[in-house]
Amino acid sequence: RLANAVTPLWRLPYQEQLQVKYESQRKILQALASRLEELGIDAQKPGGLCCPLQPVVPSPIINGYRNKSTFSVNRGPDGNPKTVGLYIGTGRERNIVCVKASHVENIPSKHKQVAQCYEEFICRSPLDSCILFHEGGHWRELVVRTSRCGHTMAVVTFHPQQLRQEALATQKALLKEFFTCGPGAVCALTSLYFQESTMTRCSHEQSPYQLLHGAPHIFEELLGLKFRISPDAFFQVNTAGAEVLYQAVGELCQATGDTVLLDICCGTGTIGLSLAHQVSKVIGVEVVEKAIEDAEWNAAFNGISNCEFRSGKAEAVLPQLLASWEDARPLVAVVNPSRAGLHYRVVRAIRNCRAIRRLLYISCKPEGEAMRNFLELCCPPDPQKKLAGEPFVPVLAMPFDMFPHTVHCELVLLFTR
């Protein structure tokens, strides 16, 4: 049941998986064409699509490709409240159960090993797992990050409840001892972090990540560059797939030596830095401060001097940046937002900046909030919504299989005007 929930295509031969994904992307582009028609835009191309659709670009690695996994702690099928794994079931049905991920094909063996060791540790602990915040308990989720350089980072989330500082210090010492001298030493962790969190999700600013052991960062190599990764920094989950994706993005940008590349939601700077040699300047914008610190370090370490990174919400940084844009050089924008898509103010700033003639939108969920963004980019000028700029037109769609065995795809949509 877990394999079917997390990796629903796992039983299909890989070529069939790619065909399933192609059909789902085709339906999304048909839906976009229909929505654009409703706005009075003649967007129907052959097959009822809004633009030509390329075949799905396969992932270079099909099994164990994830470089980051998040494991929950909850009751297992056998009733063990300290099971470390992934959920199946729903809150509405009240049938949620946490199942070990040992047989899930997209998770690498190293992640499964760390999860198994963490379960062994919390089963030895006298402290309960935190299943519902208001019912007490402490041990919560585990995040494991690995790199092709052989590095492994583990981040343990812990609900402090009413524990005093001395008791907290004891738990941190026990966790460190287990993973450095005890049975967990087999994991050979490069970094062990601990975060006290009273919320479902906490940023570093809300509750700092505490380094218990090892190096503060892990490192990854991608397209000949070295990248530093912090505990909460965004990095594409499929590194080999990311290389293929970024090379294609570089070609689609059609950037020349005098182009300025705007990298919106840039994370640790991977896209901008991998394309920096093609352009005159890169400007990256990212909300996670630690990711910006990583991006700046990455630029300096790789000897790249034509990149500038700005920390803050894109909806605050970008309108200010583009409203006063007077640079005569060609400006190309690449956006790679989360599933929530781009904030309306970001879309408006892009629309109203005449210098942007070419836009690449990378979406991991194009049928979701990204669809709203596509319509805002392409709709006729609307004074009420302050969309004054010339509309964009979708000209090419390229899907990339970054998530084999799942139904998800990374879609790159090229817009021009």
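Me: Leaving aside its neighbours within four places in sequence, which residues is Cys364 in contact with?

Reply: Arg339, Cys409 and Glu410 are its contacts once those sequence neighbours are set aside. Please keep in mind that this is a predicted model.

Me: Which feature does UniProt place at Cys364?

Reply: The UniProt record, an unreviewed entry, puts "active site" at Cys364. Such annotations may be inferred rather than shown by experiment.

Me: And where does Cys364 lie?

Reply: Look at the loop between strand 14 and helix 10 (369–378); Cys364 is found there.

Me: Strand 14 brings me to sheets. How do I read one, and what is the order of the 7 strands in the open sheet?

Reply: The general idea is that strands of a sheet pair through backbone hydrogen bonds, either parallel or antiparallel. Here the order is 12-11-10-13-14-16-15, with mixed pairing. Strand 12 (307–311) and strand 15 (393–400) are the edge strands, each pairing on one side only. On average, neighbouring strands of this sheet are turned by 15 degrees against each other, direction ignored.

Me: Let me try one pair. How many bridges join strand 10 to strand 11, and do these strands run parallel or antiparallel?

Reply: There are 5 bridges between strand 10 (residues 260–264) and strand 11 (residues 281–286), and the two run parallel. To find one of these bridges by eye, start at Val260 and look for its partner in strand 11, Lys281.

Me: Which strands does helix 8 lie across?

Reply: Helix 8 (residues 314–323) lies across strands 10, 11, 12, 13 (331–335) and 14 (356–363). Relative to strand 10, helix 8 runs at about 160 degrees.

Me: Now the interior. How many residues does the largest nonpolar core have?

Reply: In soluble globular proteins, nonpolar side chains tend to be buried together. In this model the largest such core has 47 residues, and Val249 and Cys253 have the most contacts inside it. Helix 5 (residues 239–253) gives the largest share of this core, 7 residues. At least three residues of the core come from each of domain 1 (14–60 + 238–416) and domain 2 (68–222). Another core, of 44 residues, lies apart from it and includes Leu322 and Val347.

Me: What does Val249 contact, beyond four places in sequence?

Reply: Val249 is in contact with Ile271, Leu275, Val334, Leu360 and Ile362.

Me: One last residue: why does Thr152 count as buried?

Reply: Buried means under 20% relative accessible area. Thr152 counts as buried because its relative accessibility is 3%. Thr152 sits in strand 5 (residues 152–158). Beyond four places in sequence, Thr152 touches several residues, among them Lys110, Val114, Leu189 and Ile218.

Definitions and conventions. Residues are numbered from 1 along each chain as its sequence is written. This is a predicted model: local features need pLDDT of at least 70, side-chain atom pairs count only at pLDDT 80 or more; totals for chains, interfaces and linings use all residues. Side-chain values use heavy atoms; hydrogens and water are left out. Two strands pair if DSSP finds at least two bridges between them. Helices (H or I, at least four residues) and strands (E, at least two) are DSSP runs, numbered from the N terminus. Axes are lines fitted to C-alpha atoms, for helices over the stretch in contact, and angles run from 0 to 180 degrees between N-to-C directions. Contact means heavy atoms within 4.5 Å. Buried means under 20% relative accessible area, exposed over 50%, partly exposed in between (1.4 Å probe, protein chains only). A nonpolar core is a set of buried Ala, Val, Leu, Ile, Met, Phe, Trp, Tyr and Cys residues joined through side-chain atoms within 4.5 Å. Domain bounds come from an automatic or database domain assignment.
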